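These are my notebook entries on the fold, the core and the surface of one protein chain. I set down each item in the order in which I looked it up.

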Amino acid sequence: MGWLSWIVFGLIAGIVAKWIMPGRDPGGFIITTVIGIVGAMLGGWLATMFGLGDVTGFDIKSFIIAVIGSLLLLFIYRRLRS
């Protein structure tokens, strides 16, 4: 998937991750959105690296990977900022 696709996909994944893991984040919506985008790219990279398949398009598997990456990054961010 191209970078632009991951950005759009990450935006959606970041919103879903925030919905799954609510709470007050230092930085608000903008930081949470950036975390979603970076988390989606991180999730795609890790999935490819660990052999969970190549993330090549918009499908449910790619969406789940993007949300998991966003949740992971949001969790790490909260632990570092607390």
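**Entry 1: fold.** I read the chain along its sequence and recorded the pattern α-α-α. The model is a predicted one. I counted 3 helices and 0 strands in the protein chain. I then looked up how contacts are distributed along the sequence: of those between residues at least 6 apart, 74% join residues at least 24 apart.

**Entry 2: burial and surface totals.** I noted 82 residues in the chain, of which 35% are buried. For the exposed surface I recorded about 5,100 Å², with carbon and sulfur atoms supplying 75% of this area.

**Entry 3: helix H2.** I took H2 to run over residues 28-49. Its 22 residues reach 31 Å from the first C-alpha to the last, close to the 32 Å expected at 1.5 Å a residue. I listed its buried residues and found glycines at positions 36, 39, 43 and 44 among them. Thr 32, Thr 33, Ile 35, Ile 37, Ala 40 and Ala 47 are also on that list. Just after H2, I noted that Gly 51 has a positive phi of about 75°.

**Entry 4: helix H3.** I looked up the span of H3, residues 60-81, and recorded 31 Å between its first and last C-alpha, close to the expected 32 Å. Its buried residues include Ser 62, Gly 69, Ser 70, Tyr 77 and Arg 78. Ile 65, Ala 66, Val 67, Leu 71, Leu 73 and Leu 74 are buried in H3 as well.

**Entry 5: the nonpolar core.** Which residues form the largest nonpolar core? I found 7 residues: Phe 9, Ala 13, Ala 17, Ala 40, Ala 66, Val 67 and Leu 71. H1 and H3 are the elements that give two or more residues to this core.

**Entry 6: contacts of core residues.** I began with Ala 13 and left aside neighbours within four places in sequence; Ala 13 is in contact with Phe 63, Ala 66, Val 67 and Ser 70. I placed Ala 17 in helix H1. Ala 17 counts as buried because its relative accessible area is 2%, under the 20% cut-off. Beyond four places in sequence, I found that Ala 17 touches Val 67, Ser 70, Leu 71 and Leu 74. I also checked Ala 17 against Thr 32: they are 15 residues apart in sequence, and their C-alpha atoms are 8.9 Å apart.

I then turned to Leu 71, which is in helix H3. With residues up to four places away not counted, Leu 71 touches Ala 17, Ile 20 and Met 21. Between the C-alpha atoms of Leu 71 and Ala 13 I recorded 8.8 Å, although these residues are 58 apart along the chain.

**Entry 7: the nonpolar surface patch.** I next looked at a nonpolar patch on the surface, with about 910 Å² of accessible area together. Its members are Leu 4, Ile 7, Val 8, Leu 11, Ile 12, Ile 15, Phe 29, Ile 30, Val 34 and Val 38. Helix H1 (3-20) and helix H2 each supply at least two of the patch residues. Which helix gives the largest share? I recorded H1, with 6 residues.

**Entry 8: Val 38.** I ended with one patch member, Val 38, which is found in helix H2. Is Val 38 buried or partly exposed? I entered it as partly exposed because its relative accessibility is 38%, between the cut-offs of 20% and 50%.

How values were computed. Residues numbered from 1 in each chain as written. Predicted model: local features only at pLDDT ≥ 70, side-chain atom pairs only at ≥ 80, totals over all residues. Heavy atoms only, no water. Helix = DSSP H or I, 4+ residues; strand = E, 2+ residues; numbered from the N terminus. Buried < 20%, exposed > 50% of the residue type's maximum accessible area, 1.4 Å probe, protein only. Contact = heavy atoms within 4.5 Å. Areas by Shrake-Rupley, 256 points an atom, 1.4 Å probe, with all protein chains shown as cover. Patch = residues over 30% accessible without salt bridge, like charges linked within 9 Å, V, L, I, M, F, W, Y side chains within 5 Å. Salt bridge = Lys/Arg side-chain N within 4 Å of Asp/Glu carboxyl O. Expected span 1.5 Å × (residues − 1). Core = buried A, V, L, I, M, F, W, Y, C linked by side-chain atoms within 4.5 Å.
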